[in-house]
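Me: Could you take a close look at one small part of this model for me, and then walk outward from there to whatever else stands out? A connected account would suit me better than a list.

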Amino acid sequence: MLKRLLVLLVGLTLLLTIGGCGKKEAGSQLLESNTGISSQASQETAKDKKNIALVMKTLTNPFFIEMEKGARQAEKEFGINLIVKTGAQETSIDQQIAIVEELIRAQVDAIVIAPGGSTELIPVLKKAQDANIVVVNIDNKLDSDLSAKLGLSNVPFISVDNAQGAYLSAKYISDMIAKPTRVAVIEGITSAQNSQDRKTGALKAFRENGNITSIITETANWKIDESYDVTKRLLSKYPDIGAIFCANDMMALGTIKYLKDTNQNNVLVAGFDALDEAKEAIKNGQLMVTIDQQPNVQGYLGIKFALDELNKIPVNLNHIIDVKVITKESL
């Protein structure tokens, strides 16, 4: 009797062991049939995921939040691993350089960068390129002459025609000036190519109007608080200023705040970036015009171009996105 019971127990143990193995195997087969790939293949796919870094100036400016949204869309569509890094402020160029150094050590596959300055980051980006890291330039263009001199080559650039966009913005308020008037241009970081281009475009628009008697230019480094102070200083010295072009909406918002605080409503203000706050200011009549340079598209295309480069697919080395003029009528 005892012998028969032992035989039954051994048989039951064997049956459970075989059944358990069968379930594990069936589970693996079910996974493969549903996904088309084995667990080993899944691990290999995850291992092959490209690591692409997006390096922006800051996230204190909503413009770059929109840029990240476009990059996140590309991450989802193309199945890459997106790493987002930013400086504390738009003037934190040394911090951007340190970020690129860190990404080189991490051996990422590609770096998509909106550089704070047009020259300062070229040496470290050349170092990245020498480490076989793909570099894509968006928003603010790297200096072509210095890039050539230092050997940074074949870097795709994705942005808008900043000079044309600024021209359209400044022209919108310039066309409203029908009597002798002094105007001002508040520019961004003077070493940045996009700041220089926007200044050029605004000056061109203002100079086309014979009623504009003089143009004052000063920088506020893309910052809302600096623009507030610059506007205060300019209007204290030149109270007859009738129009101000600001090279981005953050500075335009600073200018508008000063005008509101001092109850001045006779100064035309133009901006650039189409931030939500700027659109509200347009609806309220505080801002006349802004320019939408589609930062989400820049972020999306930056990631796409980087992935194409990694896959040896030819890309356009100078891709210009259309700007949109935003006014009360268009809103």
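Reply: Ser 147 is buried, with a relative accessible area of 8%; please keep in mind throughout that this is a predicted model. The residue belongs to helix α6, which covers residues 144-150. If you set aside the neighbours within four places in sequence, Ser 147 is in contact with Ile 122, Leu 142 and Leu 152.

Now let us step back to the whole chain. The protein chain has twelve helices and twelve strands, and 45% of its 331 residues count as buried. Among contacts with a separation of 6 or more, 73% are between residues 24 or more positions apart.

Leu 307 gives a good view of such links. This residue lies in helix α12 and is buried, with a relative accessible area of 12%. From Leu 307 to Val 134 the C-alpha to C-alpha distance is 8.8 Å, although the two are 173 residues apart in sequence. Beyond its neighbours within four places in sequence, Leu 307 is in contact with Lys 50, Ile 52, Phe 78 and Ile 80.

Phe 78 takes us on to the aromatic residues. A search of the whole structure finds three aromatic pairs. In one of them, Phe 78 and Tyr 300 are tilted, with 5.8 Å from centre to centre and 45 degrees between the planes. Phe 78 lies in helix α3 and Tyr 300 in helix α12 (residues 295-310), so this pair ties together parts that are 222 residues apart in sequence. The partners also differ in burial class: Phe 78, at 28% relative accessibility, counts as partly exposed, while Tyr 300 is buried, with a relative accessible area of 18%.

Tyr 228 and Tyr 258 form another aromatic pair, this one edge-to-face, with 5.4 Å from centre to centre and 90 degrees between the planes. Because Tyr 228 lies in helix α9 (residues 224-237) and Tyr 258 in helix α10 (residues 249-261), the pair ties together parts 30 residues apart in sequence. Tyr 228 counts as partly exposed at 23% relative accessibility, whereas Tyr 258 counts as buried at 9%.

Rings also meet charges here. The charged end of Lys 204 sits over the ring of Tyr 167, 5.1 Å from its centre. Likewise, the charged end of Arg 198 sits over the ring of Phe 272, at 4.0 Å from the ring centre.

Arg 198 is worth following a little further, as it is also one of the residues that line the largest cavity. The structure holds one cavity of 30 Å³ or more, and about 70 Å³ of space lies in the largest cavity. Where does its lining come from? Helices α3 (62-78) and α8 (193-207) each supply at least two residues of that lining. The full set is Lys 57, Asn 61, Phe 63, Phe 64, Glu 90, Asp 139, Asn 194, Arg 198, Trp 222, Asn 248, Asp 273 and Gln 293. By type, these lining residues divide into three nonpolar, four polar and five charged.

Helix α3 makes a handy thread to follow on screen: this helix supplies at least two residues of the cavity lining, and also holds Phe 78, the partner of Tyr 300 from helix α12. From Phe 78 you can then return to Leu 307, with which it is in contact.

Terms used. Residues numbered from 1 in each chain as written. Predicted model: local features only at pLDDT ≥ 70, side-chain atom pairs only at ≥ 80, totals over all residues. Heavy atoms only, no water. 1 Å grid on protein atoms, 1.4 Å probe; cavity = no way out; pocket = protein on both sides within 12 Å on 5 of 7 lines; lining within 4 Å. Points joined across faces, edges and corners; volume = space filled by probe spheres on them. Helix = DSSP H or I, 4+ residues; strand = E, 2+ residues; numbered from the N terminus. Nonpolar A, V, L, I, M, F, W, Y, C, P; charged D, E, K, R; others polar. Phe/Tyr/Trp six-rings, centres within 6.5 Å; stacked < 30°, edge-to-face > 60°. Buried < 20%, exposed > 50% of the residue type's maximum accessible area, 1.4 Å probe, protein only. Lys NZ or Arg CZ within 6 Å of the ring centre and 35° of its normal. Contact = heavy atoms within 4.5 Å.
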